[in-house]
Amino acid sequence: MSTSDLELSFIQPGHALYPAELELRFRVLREPLGHTREQVLFPFEAQSLHLVAHRGEEALGCVLFNPEDAHGGRLFQMAVTPRLQGQRLGARLVQTLEEELRRRGFTHVHLHARQTVVPFYERLGYSVYAEPFIDVGLPHRHMRKSLGT
């Protein structure tokens, strides 16, 4: 299955694609850890920017950004449906989000990467800082990137 025909849309909670985004995040990020659907929600969902890769009403990838101040914030809940992983959809999502953040005047972004995906983010220009930590029962690393201008 190709990813070239996928649309990328910025949405907010309440959008028609939002339930499909939540389901994707649950299936990819939380269900494999034995978590419930409720554990996919963050208190700052409504304040966050949601970018969804979709074909029609089917969400196939997503990445979110929570602004923490006027200059930066946290990328979180990056998910790509398993059948499309390894086809550069994740990179396309992150790069599209970064372009929008630059357009909005943000200068830096940070994230909490599962240890297994640190190389993915490093290829996109993110660097590891601080000590490893455990989140949702898995080793994670703090990563950051300057968006420049």
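Start by selecting strand 4 (72–80) and strand 5 (108–114): the two pair in the parallel sense over four bridges. Strands pair here if DSSP finds at least two bridges between them; strands (E, at least two residues) and helices (H or I, at least four) are DSSP runs numbered from the N terminus. Before going on, note that this is a predicted model, where local features need pLDDT of at least 70, side-chain atom pairs count only at pLDDT 80 or more, and totals for chains, interfaces and linings use all residues. Residues are numbered from 1 along each chain as its sequence is written, and side-chain values use heavy atoms, with hydrogens and water left out.

Now pick Arg-74 and find its bridge partner in strand 5, His-110. Follow the chain from strand 4 through helix 2 to strand 5, and you trace a right-handed β-α-β crossover (clockwise from the first strand over the helix to the second, with the strands pointing away from you). Is strand 5 mostly covered or uncovered? Covered: five of its seven residues are buried (under 20% relative accessible area, 1.4 Å probe, protein chains only; exposed is over 50%, partly exposed in between).

On to strand 7 (residues 138–146), which runs antiparallel to strand 5 with seven bridges. Ala-113 has Arg-141 as its bridge partner there.

Zoom out to the whole sheet. It is open, with seven strands in the order 1-2-3-4-5-7-6 and mixed pairing. Strand 1 (7–11) and strand 6 (127–135) stand at the edges with a single partner strand each, so one side of each lacks a neighbour in the sheet.

Next, select strand 2 (residues 49–55) and strand 3 (residues 58–67), an antiparallel pair joined by seven bridges. Leu-49 has its bridge partner at Phe-65. Helix 1 (residues 18–30) packs on the sheet, touching strands 1, 2, 3, 4 and 5; contact means heavy atoms within 4.5 Å.

Time for the interior. The largest nonpolar core (buried Ala, Val, Leu, Ile, Met, Phe, Trp, Tyr and Cys joined through side-chain atoms within 4.5 Å) has 27 residues, and Leu-75, Met-78, Leu-93, Leu-97, Tyr-121 and Tyr-126 have the most contacts inside it. Helix 2 (89–103) is among the elements that each supply at least two of its residues, and gives the largest share, six.

Click Leu-97: beyond neighbours within four places in sequence, its contacts include Phe-10, Leu-51, Val-63 and Leu-75. Last stop: a second, separate core of 15 residues, with Ile-11, Leu-22, Leu-24 and Val-52 among them.

Notes:
Axes fitted to C-alpha atoms, helices over the stretch in contact; angles between N-to-C directions.
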